[in-house]
Amino acid sequence: MTEAIIAQFKLDYGAFSLDVDLRLPSSGITVLFGHSGSGKTTLLRCIAGLQHAPHGLLAINGTTWQDSENKLFLPTHKRSLGYVFQEANLFAHLTVLGNLCYGLKRIGHTANTAQFDQVIELLGIAHLLDRMPERLSGGERQRVAIARALVLNPELLLMDEPLASLDSQRKQEILPFLTRLHNELNIPVLYVTHSQQEVAQLADYLVLLADGKVQAAGLLSDTLSRIDLPQAQDKQAASVWQVTVIEHETAYHLTRVAFAGGELSLPAIDAELNTALRIQIYARDVSITLEISKATSILNVLPATITDMIDDKEGQSVVRLQVGSQTLLAHITRKSAQLLALHTGMMVYVQIKGTSILN
Amino acid sequence: MLSPADIAALWLTVQVASLATIILLLLGTPLAWWLVRSQFRGKSICNALVALPLVLPPSVLGFYLLVLMGPNGAVGKLTTELGLGTLPFTFTGLVVASVLYSLPFVVQPLQTAFTAIGNAPLEAAATLRASPLDTFFTVVIPLSRTGFLTAAILGFTHTVGEFGVVLMVGGNIPERTRVVSVQIYNHVEAMEYSQAHGLAGGLLVFSFLVLLLLYSTLKTNPVSPIK
């Protein structure tokens, strides 16, 4: 991991304080996750310079944007960033094209570049260029806002809950664009959200924030499987795996996928062979057995090693397992855990009752 | 129907009101922006000062201006030092008085318009590499179009309609300070009701048409001069 983004901030508003010290990767999507009031938006605004934390050190790929000790604070308009707000925040007096060109003009570029066309194509807004913002739907507006930030080709793209103001249908309309953005453009993204769905779908790197402090930060799979965190004990707790399509069993409407250390059968996926996919496995859909039962309807039974276990307060055990080189979380009852005498280091089999495809 | 003296008064009124409106927009825009954006503690004092001409009898404002700009007043001494003479009973004095008298009618609509824009577009512009000054000209002013239209029209029409301040500061000098409202007063004093009707009716129709234009352009209520 390249440690190219250094962000240290301290601020105190009495009722709310922020105290973070982060090293973030300079590629991929880093999700800042937390409940409202956790400080995730404040942190993003401090990084953008929209808010001035009295104590801060911020460096992006070796360029210092803030260094309070040396009284350095680069104003927002001098930072090479793109910012997508919760509300699209387009300029109402300019057309879509006018909005897209607003920033470009100021860095001395024009719209006649291949990069501009790529962004327009990526977000599917070529047919909207002459429209005024008031004549766009919520989803279209947000896509224009994302494009407006992207055409600047910034060193860092900041996104503050860009989907929060949209209904679930519009969310589904934009998520694929974000995934493509992730795959096709090489701009590091800091993405603020309180949606676990967006975390699972988009994050490469995950920062958990609570009460203005960093609870955990690390690669998505590592952070999600930290069973000491409330995340792993939540009913929605899940593991996210990267898999590749290897075979279509058309007769059974199934697709075989491979992960690092094994294979899985999934309901048929409309994707070409060798396509990389992200799948999500809810901890509640994983059960544990000591031997392979021939009499089971469950297709996905895999050998696994227990690497850690913890009991919660409600009769549930959270078990972390190693399957091949992937980590997997399982929620089982404490009674079952005792009956099977589960313990760390034990070799078991996991039965996966269901998976969902993320992209 | 209109005598040459009436026409001279009309022309003078148009000149005073146009010049005052231009000066008001140039002064009022930064003032309104500052009043909206700054966190300055004494802001309420400034707001109250700007609003003062709304409630003050025009003769009071006119009286103090007369004293200030007269040969013994602070402003009068300054203008004499600068070789400009004293301002009362001159065209310049009339414009200066008009600017002060109509200030709230320009500043308050602009304040309301600037407040309505909020922070969001300013922050968006900053993230798109626009400096604060750049943002002001390319985002704030275009988004405040209706505020500027309201301010200009109210400033102009209110200046056209002034009487007390004009009489105090400008007096009643033909072709120099005798504006329409004073001319109407002269006609009435001299019992020339038909001439008074010509000018007064004209002013009534003009003011109505201007406001009609304003309201129909904006569709909604124009920004009120009083918050």
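Q: What do S4(A) and S5(A) form, and how many residues stand between them?

A: In this predicted model, strands S4(A) and S5(A) make a hairpin with two residues between them, and A:Asn61 in the turn has a positive phi of about 45°. To read such a feature, one looks at the turn and then at the pairing of its two arms: strand S4 (residues 55-60) and strand S5 (residues 63-67) of chain A are antiparallel and are joined over four bridges. One can then go down to single residues, where A:Thr63 in S5(A) is the bridge partner of A:Ile60.

Q: Over how many bridges do S5(A) and strand S6 of chain A pair, and in which sense?

A: S5(A) pairs with strand S6 (residues 72-73) of chain A over two bridges, in the antiparallel sense, and within this pairing A:Gln66 stands opposite A:Phe73 in S6(A). The hairpin of S5(A) and S6(A) has four residues between the strands, and A:Lys71 takes a positive phi near 55° there.

Q: Where is A:Asn153 found, and why does A:Asn153 count as buried, partly exposed or exposed?

A: A:Asn153 sits in the loop that runs between helix H4 (138-150) and strand S8 (156-160) of chain A, and its phi is near 50°, a positive value in a residue other than glycine. The way to judge burial is to count neighbours, with 20 or more other C-beta atoms within 10 Å making a residue buried and 12 or fewer making a residue exposed. A:Asn153 counts as partly exposed because it has 19 C-beta neighbours inside 10 Å.

Q: How does the count of neighbours come out for A:Ala341, and is this residue buried or exposed?

A: A:Ala341 has 8 C-beta neighbours inside 10 Å and therefore counts as exposed. This residue lies in the loop between helix H9 (334-339) and S20 of chain A, and although A:Ala341 is not a glycine, its phi is positive, at about 55°.

Q: In what order do the five strands of the open sheet of chain A follow one another?

A: A sheet is read from strand to neighbouring strand across the sheet, and here the order is S16-S20-S17-S18-S19 in chain A, with antiparallel pairing in an open sheet of five strands. Strand S16 (286-289) and strand S19 (326-333) of chain A are the edge strands, since each pairs on one side only. Neighbouring strands of this sheet are turned by 45° against each other on average, with direction ignored. At one edge, S16(A) and strand S20 (residues 347-352) of chain A run antiparallel and are joined by four bridges, and A:Val286 stands opposite A:Ile352 in S20(A).

Q: Which domains does the domain assignment of chain A give?

A: According to the domain assignment, chain A has domain 1 (3-224) and domain 2 (238-357), and the centres of these two domains, taken over C-alpha atoms, are separated by 34 Å. The contact between them takes five residues from domain 1 of chain A and six residues from domain 2 of chain A. On the side of domain 1 that touches domain 2, helix H6 (196-202) and helix H7 (220-224) of chain A each supply at least two residues, and H7(A) gives the most, with three residues. By class, this side of domain 1 has three nonpolar, two polar and no charged residues.

Q: How many helices and strands are there in chain B?

A: Chain B has 11 helices and zero strands, and its C-alpha atoms fill a box of roughly 65 × 45 × 25 Å along the principal axes. Of its 227 residues, 37% count as buried. To see how contacts span the sequence, one takes those in chain B between residues at least 6 apart, of which 74% join residues at least 24 apart.

Q: How many residues of chain B are in contact with chain A?

A: On the chain B side there are 13 residues, in contact with 17 residues of chain A. Helix H6 (120-127) and helix H7 (132-143) of chain B are the elements that give two or more residues to this side of chain B, and H6(B) provides the largest share, six residues. By class, the side of chain B that touches chain A has nine nonpolar, two polar and two charged residues.

Q: Which residues in H6(B) are buried, and what covers them?

A: B:Ala124, B:Ala125, B:Ala126 and B:Thr127 are buried in H6(B). What covers the buried residues of H6(B) includes helix H1 (40-48) and strand S7 (81-84) of chain A, together with H7 of chain B. Just after H6(B), B:Arg129 takes a positive phi of about 75°.

Definitions and conventions
Residues numbered from 1 in each chain as written. Chains lettered and ligands numbered in written order. Predicted model: local features only at pLDDT ≥ 70, side-chain atom pairs only at ≥ 80, totals over all residues. Contact = placed C-beta atoms within 7 Å. Nonpolar A, V, L, I, M, F, W, Y, C, P; charged D, E, K, R; others polar. Axes fitted to C-alpha atoms, helices over the stretch in contact; angles between N-to-C directions. Domains from an automatic or database assignment.
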